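User: I'm new to this and keep tripping over the vocabulary. Could you walk me through a few terms using one example?

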Amino acid sequence: MTQYAIYFQQQWVGDHPVEWFLSRVEPSNAVVREMEEAGVLVFAGGLDENMADAFTADATSGTVTITDGPYTETTEYLGGITVIDVPDLETAKLWAGKLAEGCGWPQEVRVVR
């Protein structure tokens with residue numbers, strides 16, 4: 001089995017009214033429940049949108065430095081991630097498609113090594 005990360009950048013979500021976002025909760029949660037029932041879910045979660053609460057840890061100088069805020073100025077940031085453990089790429093594509101449909105925005109998939 002191989003683990004795949006299915007994730008999205010917050011900016012891919014788009015601008016929608018609150019009602020639209022509320023309408024996506026049940027369909028996206030249903031996909032996560034389906035993943036759990038199928039035994040493929042490793043982890044799923046959305047990330048806090050407040051980048052002021054982000055911090056970085058950097059040890060490249062030989063000393064660990066903790067700094068408030070994201071590592072670099074960015075126009076895109078990770079909005080959520082789901083990790084699945086499935087037998088092949090085709091199965092990962094199937095789950096990514098279901099999650100994209102449930103959420104209502106694009107998802108990207110990469111192998112976890």
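Analyst: Sure! Start with pLDDT, which is the predictor's confidence in each residue, from 0 to 100. You need it here, as this is a predicted model.

User: So how do you know which element the predictor is most confident about, and which has the lowest score?

Analyst: Compare the means: α2 has the highest mean pLDDT, 97, while strand β3 (residues 55-58) has the lowest, 88. For the chain, the average is 91, and 96% of the residues score at least 70.

User: What makes a group of residues the largest nonpolar core?

Analyst: Its members must be buried nonpolar residues joined through side-chain atoms within 4.5 Å. The largest such set has 15 residues, and Ile-6, Met-35, Trp-95 and Leu-99 are among those with the most contacts inside it. β1, α1, β5 and α2 each supply at least two residues of this core, with the largest share, 5 residues, coming from α2.

User: Why are Trp-95 and Ile-6 said to be in contact?

Analyst: Contact means heavy atoms within 4.5 Å, and Trp-95 is in contact with Ile-6, so the pair meets that cut-off. Beyond its close sequence neighbours, Trp-95 also touches Val-31, Glu-34, Met-35, Ala-38, Val-40, Ile-84 and Val-86.

User: And what makes a residue part of the largest pocket's lining?

Analyst: Lining residues have an atom within 4 Å of a pocket point. The largest pocket, about 440 Å³ in volume, has 23 of them, including Phe-8 and Trp-105, which are among the closest to its centre. The largest share, 6 residues, comes from α1.

Definitions and conventions: Residues are numbered from 1 along each chain as its sequence is written. This is a predicted model: local features need pLDDT of at least 70, side-chain atom pairs count only at pLDDT 80 or more; totals for chains, interfaces and linings use all residues. Side-chain values use heavy atoms; hydrogens and water are left out. On a 1 Å grid over the protein atoms alone, a cavity is a set of points where a 1.4 Å probe fits but cannot get out, and a pocket is an open set with protein on both sides within 12 Å along at least five of seven lines; lining residues have an atom within 4 Å of a point. Grid points are joined across faces, edges and corners, and a volume is the space filled by probe spheres set on the points. Helices (H or I, at least four residues) and strands (E, at least two) are DSSP runs, numbered from the N terminus. Buried means under 20% relative accessible area, exposed over 50%, partly exposed in between (1.4 Å probe, protein chains only). Lists of a residue's contacts leave out its neighbours within four places in sequence.
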